[in-house]
Amino acid sequence: MKWLLRFFLWATVLAAPCWLLADAYHHALAAATLAALRIPAPATAIPPPDIPASHVLGVFAAMCLASARASWPRRVSAALLGVAGLVLIEWATGVVAVAWAMHDVQGPAGPSFLERLTDNVTALPAWIGAPVLWLALLGDAELPTQRKRRGAGAHPGGGPPRAEAHRPRAADR
Amino acid sequence: MTAPAGRHPAKGAARAAGPARPALAGDRRAALKLLLRILVGWALATGVLSLFPGIDRWAVASTVASVATTLRVMSFAPTVDGSTILLAGGALRIIPECTPLMPILLLAIAMASYPAPPAWKLAGVAAGALALWAYNVVRMLALMATLVWWPRSFKFIHVYLWQTVTLLVICALFMLWLGLLDRRGRATS
């Protein structure tokens with residue numbers, strides 16, 4: 001529960017700078033996307049999404065900084081590495097979405113399966129980008145129940161209980 | 001409070017309990033396994049959502065109906081025009097992203113991917129879906145109130161409620177489920 005409170009506080013703190021950076025970040029992403037596709041158009045040709053891409057970065061950074069068990073250097077390095085990864089994912093998503101939109105000729109029957117799939121796939125980073133990267137970078141430190149359950153005799157992974165199950169949890173106090 | 005970097009509990013445990021390195025590697029493997037299952041779950045969910053666009057339409061229609069019914073229960077008189085809810089001069093258009101479908105999928109896929117008894121997963125998904133549906137109605141009401149009374153703050157509140165609070169609620173429900181699972185594991189061991 002402490003993690004939730006910390007996440008909420010960090011996300012609230014980071015919401016303001018992310019909000020202020022939203023336009024500049026979108027402009028940079030749009031320019032990089034157009035450059036990758038060699039489209040001679042101004043960055044304003046790509047309209048900003050409803051939810052600013054910068055906000056996903058803030059939420060991810062808040063998840064990392066809120067960590068209850070990882071050390072500060074690990075939190076900060078996970079946040080920096082993850083933010084860099086998210087920037088790449090958002091840029092790649094933009095490239096795929098714009099490239100697809102340029103070839104997209106919608107039929108009279110509405111969007112096809114492939115068009116809907118592309119829409120859904122390009123919408124995914126906003127939903128799962130932050131939690132998935134967080135799990136990849138800090139998941140081993142932040143899944144306390146697995147350890148506690150191992151210590152209690154239940155082994156969700158099917159393996160034997162480990163010495164680490166009795167690790168003192170000073171970070172939670 | 002958080003332990004300082006130099007006195008991280010894992011390091012203490014490594015000294016006290018011996019072979020901590022293989023245990024940490026095991027934790028990492030378990031986390032990566034969970035991550036892989038989640039990604040496979042999302043691949044399947046994305047395919048199903050793309051294959052059956054009616055799911056999105058149903059989610060939008062049900063969200064509109066839930067919000068309008070809640071407003072009527074609260075003695076308001078909203079007007080529903082397709083996927084738009086009109087109230088006191090404010091108009092809120094519900095799009096697929098405004099429905100609790102993706103948050104429910106996020107929670108359900110995480111629960112389904114986590115090692116737990118199938119009945120426990122089903123119970124968690126059902127209870128979580130109900131809770132997230134209720135949360136989304138509250139979120140919509142909060143957005144409606146913002147739109148009517150503080151229209152200039154709407155965009156910020158929309159972003160903040162969409163991402164931060166929704167993810168917080170999903171994490172809280174998942175952690176609650178993990179806590180109950182842990183308690184159940186202890187009771188049965």
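**Reading a core, a helix and two hairpins**

Mentor: Let's start in the middle: the largest nonpolar core has 76 residues, and those with the most contacts inside it are F60(A), A62(A), M63(A), C64(A), W134(A), L106(B) and L107(B). Helix α4 of chain A, residues 113-138, gives the most to this core, with 11 residues. This is a predicted model, in which local features need pLDDT of at least 70 and side-chain atom pairs count only at pLDDT 80 or more, while totals for chains, interfaces and linings use all residues. Residues are numbered from 1 along each chain as its sequence is written, with chains lettered from A and ligands numbered from 1 in the order in which they are written.

Trainee: What is a nonpolar core?

Mentor: A set of buried Ala, Val, Leu, Ile, Met, Phe, Trp, Tyr and Cys residues joined through C-beta atoms within 7 Å. Buried means 20 or more other C-beta atoms within 10 Å of the residue's own; exposed means 12 or fewer, partly exposed is in between, and C-beta atoms are placed from the backbone.

Trainee: Which residues does L107(B) touch?

Mentor: Contact means C-beta atoms, placed from the backbone, within 7 Å. Leaving out residues up to four places away in sequence, L107(B) touches G128(B), L132(B), I170(B), L173(B) and F174(B).

Trainee: How many residues of α4(B) are buried?

Mentor: Helices are DSSP runs of H or I with at least four residues, strands are E runs of at least two, and both are numbered from the N terminus. In α4(B), 12 of the 13 residues are buried, so the helix is largely enclosed by the rest of the structure. Among them are P103(B), L106(B), L107(B) and S113(B).

Trainee: Which face of β2(B) is covered?

Mentor: In a regular strand the side chains alternate between the two faces of the sheet. For β2(B), residues 84-87, I85(B) and L87(B) make the covered face, while T84(B) and L86(B) make the uncovered one.

Trainee: How many bridges join β1(B) to β2(B)?

Mentor: Strands pair if DSSP finds at least two bridges between them. Here 3 bridges join β1(B), residues 79-81, to β2(B), and the two run antiparallel. D81(B) stands opposite T84(B). The hairpin has 2 residues between its strands, and G82(B) in the turn has a positive phi of about 65°.

Trainee: Which strand does β2(B) join through 4 bridges?

Mentor: That's β3(B), residues 90-93, again antiparallel. I85(B) has L92(B) as its bridge partner there. In this hairpin A88(B) takes a positive phi near 50°.

Methods:
Contact = placed C-beta atoms within 7 Å.
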